[in-house]
Amino acid sequence: MSSTVVSSCLNILRRTPVKETEQNVAALATLISDEEEMEDLFQRVDSPLKIASDPTAEGKKYLLIDHSRDGESHRSPWSNEYFPPIPPTDDGGVFKPSQPLRNVERIANEVFESYCHMYYGKGENVVSSVYLWDKEEISGSNASMKGFAGCFLISKIMNDEKESGFWNSIHVVDIGPTIEGTAKYKLTTTLLLSMQVGSSTGEGSNEIQIAGSLTKQVEKTCAVQSSCANDETGHILNIGQMIEEIETEMRSNMDSLHVQKTKQVMDSIHRDAGDRKRSSLMAAMMTRNGRL
C-alpha cells in the first residue's frame with residue numbers, strides 16, 4: 001500500500017506533461033523526508049525511455065531502464081556488457097542473467113525487434129530492447145525449477161515538420177515456474193505518449209499537444225509447449241501473444257481517451273469560434289445598414 005504522501009505525488013504527476021516526468025519526480029522527491037516513501041515513489045513511476053548505443057555491437061541502439069542499471073551504468077541486451085564499463089569487484093562482478101537465461105534473452109531480442117518493426121516501422125527512430133533476470137529458487141518439491149522475470153521495451157520518436165514527440169511501451173512480466181506443463185504470467189504494461197502536431201510559428205498558432213499515460217495489469221496461466229517444457233524459450237511465444245493482445249487493446253483505449261477527446265474539444269472550440277465570428281459579422285452588417 002502506498003502512503004498518502006506517495007499517492008499525492010502520483011496525483012500531481014498525472015497532471016504534468018509526460019516528457020517532464022523525470023525532472024518532476026526528482027523535484028517531488030526532495031520534498032519527501034522518508035527514504036522508504038521516496039524509494040516507493042521512484043519505483044511507482046515510469047519515466048520516458050532513454051536511448052544509448054552499444055559500441056561493441058556496431059553502434060546498435062538499446063533502451064535504458066532501471067532493470068538494466070548497475071550504479072551509473074546500463075547493460076546492453078546485444079553484447080551483455082555495461083556502459084560505461086564497470087571495474088571488476090571482489091564480490092563476483094556485476095549483475096547479469098545466468099547463461100541459459102542469457103541465451104533466451106538473445107532470442108527474445110531478435111523476436112521482439114521483428115514485432116517492433118511490424119507494428120511500429122523500421123528506422124533509427126524505432127528502438128526495442130528485452131532484459132531478463134533470474135529469480136530466486138523456489139523451495140519445496142520443485143526447488144530445482146526457477147521462474148524468471150523480464151521487461152520488453154519499445155520507443156518510437158517522431159520528429160518532422162508536422163509532428164514531433166514519442167511513444168513508449170513498457171512491459172514488465174513475471175513468469176512463474178513451469179509445473180506440469182503450464183506457467184503463470186503476470187504482465188504489467190505502461191504506455192507513454194507525448195505528441196505535438198502543427199506549428200506555433202508565424203502570426204497564428206495551429207499547434208496541438210497530446211500527452212498521457214495508461215497502465216494495465218493482466219494475469220494468465222498458459223500451457224508451455226511440450227517440446228520446450230524444460231527450456232525457457234517456450235515462454236517467448238506466450239509472452240509475445242500477451243503483449244500483442246494488451247498493446248492492441250491499450251492503443252485503442254489511448255486513442256479514445258486522449259486523441260479522440262482532444263479532437264472533440266478542438267472541434268467544439270472551432271465551432272464556438274465560428275459562431276462568434278458569424279455573430280460579429282452579422283452585427284457589423286446590421287450596424288452598417290442602420291438596423292441597430
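1. A residue is called buried when its relative accessible area is under 20%. Keep that cut-off in mind while you look at this predicted model, because it sorts several of the residues discussed below. By that rule, 34% of the 292 residues of the protein chain count as buried.

2. Let us start with the overall build. The protein chain has five helices and 10 strands. How much of the contact count comes from residues 24 or more positions apart? Among contacts with a separation of 6 or more, such pairs account for 57%. As for the outside, the protein chain exposes about 17500 Å², and carbon and sulfur atoms supply 51% of that area.

3. Now to the largest pocket, which holds about 1500 Å³ of space. Its lining is made of 38 residues, and those nearest the centre are Phe42, Arg44, Val45, Asp46 and Ser47. Two or more lining residues come from each of α1 (4-13), α2 (21-29), α3 (35-44), β8 (163-175), β9 (182-197) and β10 (208-223). Which element gives the most to this lining? It is β10, with six residues. Sorted by class, the lining of the largest pocket has 16 nonpolar, 13 polar and nine charged residues.

4. Serine 8 is a good residue to find next, in helix α1. Is serine 8 buried, exposed or partly exposed? With a relative accessible area of 37%, serine 8 falls in the partly exposed class, because that class lies between the 20% limit for buried and the 50% limit for exposed. Its side chain reaches back along the sequence to the backbone oxygen of threonine 4, at 2.9 Å.

5. Compare that with serine 155, which sits in strand β7 (residues 148-159). Serine 155 has 1% relative accessibility, so it counts as buried. Which side chain does the side chain of serine 155 meet in a polar contact? The partner is the side chain of asparagine 168, at 3.3 Å. If you set aside neighbours within four places in sequence, serine 155 is in contact with Leu49, Ile51, Leu63, Asn125, Val126, Val127, Trp167 and Asn168. Asparagine 168 therefore appears in that list too, as expected when a contact means heavy atoms within 4.5 Å and a polar contact needs N or O atoms within 3.5 Å.

6. Serine 169, in strand β8, is another one to click on. Its relative accessible area is 0%, so serine 169 is buried. Two polar contacts involve its side chain: one of 3.4 Å to the side chain of tyrosine 120, and one of 2.9 Å to the side chain of glutamate 247. Beyond four places in sequence, the contacts of serine 169 include Tyr120 and Glu247, along with Leu49, Phe152, Leu153, Ile154, Thr190 and Leu191. Leu49 is also among the contacts of serine 155.

7. Leucine 193 belongs to strand β9. At 6% relative accessible area, leucine 193 is buried. How far apart are leucine 193 and isoleucine 210 in sequence and in space? They are separated by 17 residues in sequence, and their C-alpha atoms are 7.5 Å apart. Isoleucine 210 is one of the residues that leucine 193 touches, not counting those up to four places away in sequence; the others are Val18, Phe166, Trp167, Ala211, Gly212 and Met254. Trp167 is a contact of serine 155 as well.

8. Finally, some backbone details deserve a look. Most residues other than glycine have a negative phi, and most peptide bonds are trans. Which kind of peptide bond links phenylalanine 83 to proline 84, cis or trans? That bond is cis, with omega near -5°. Proline 84 lies in the loop between β5 (82-83) and α4 (99-120).

9. Positive phi values turn up in loops as well. Glutamate 58 has a phi near 55° although it is not a glycine, and its place is the loop between β1 (50-54) and β2 (60-64). Asparagine 80, also not a glycine, has a positive phi of about 65°, and it is found in the loop between β4 (73-75) and β5. Are these two residues buried or exposed? Glutamate 58 is exposed, with a relative accessible area of 82%, whereas asparagine 80, at 13% relative accessibility, counts as buried.

Note on methods. Residues are numbered from 1 along each chain as its sequence is written. This is a predicted model: local features need pLDDT of at least 70, side-chain atom pairs count only at pLDDT 80 or more; totals for chains, interfaces and linings use all residues. Side-chain values use heavy atoms; hydrogens and water are left out. On a 1 Å grid over the protein atoms alone, a cavity is a set of points where a 1.4 Å probe fits but cannot get out, and a pocket is an open set with protein on both sides within 12 Å along at least five of seven lines; lining residues have an atom within 4 Å of a point. Grid points are joined across faces, edges and corners, and a volume is the space filled by probe spheres set on the points. Helices (H or I, at least four residues) and strands (E, at least two) are DSSP runs, numbered from the N terminus. Ala, Val, Leu, Ile, Met, Phe, Trp, Tyr, Cys and Pro count as nonpolar, Asp, Glu, Lys and Arg as charged, and the others, Gly among them, as polar. Buried means under 20% relative accessible area, exposed over 50%, partly exposed in between (1.4 Å probe, protein chains only). Accessible areas come from the Shrake-Rupley method with a 1.4 Å probe; for residues, only the protein chains shown count as cover. A polar contact is a pair of N or O atoms within 3.5 Å; within protein, one must be able to donate a hydrogen and the other to accept it, and residues adjacent in sequence count only if both atoms are side-chain atoms.
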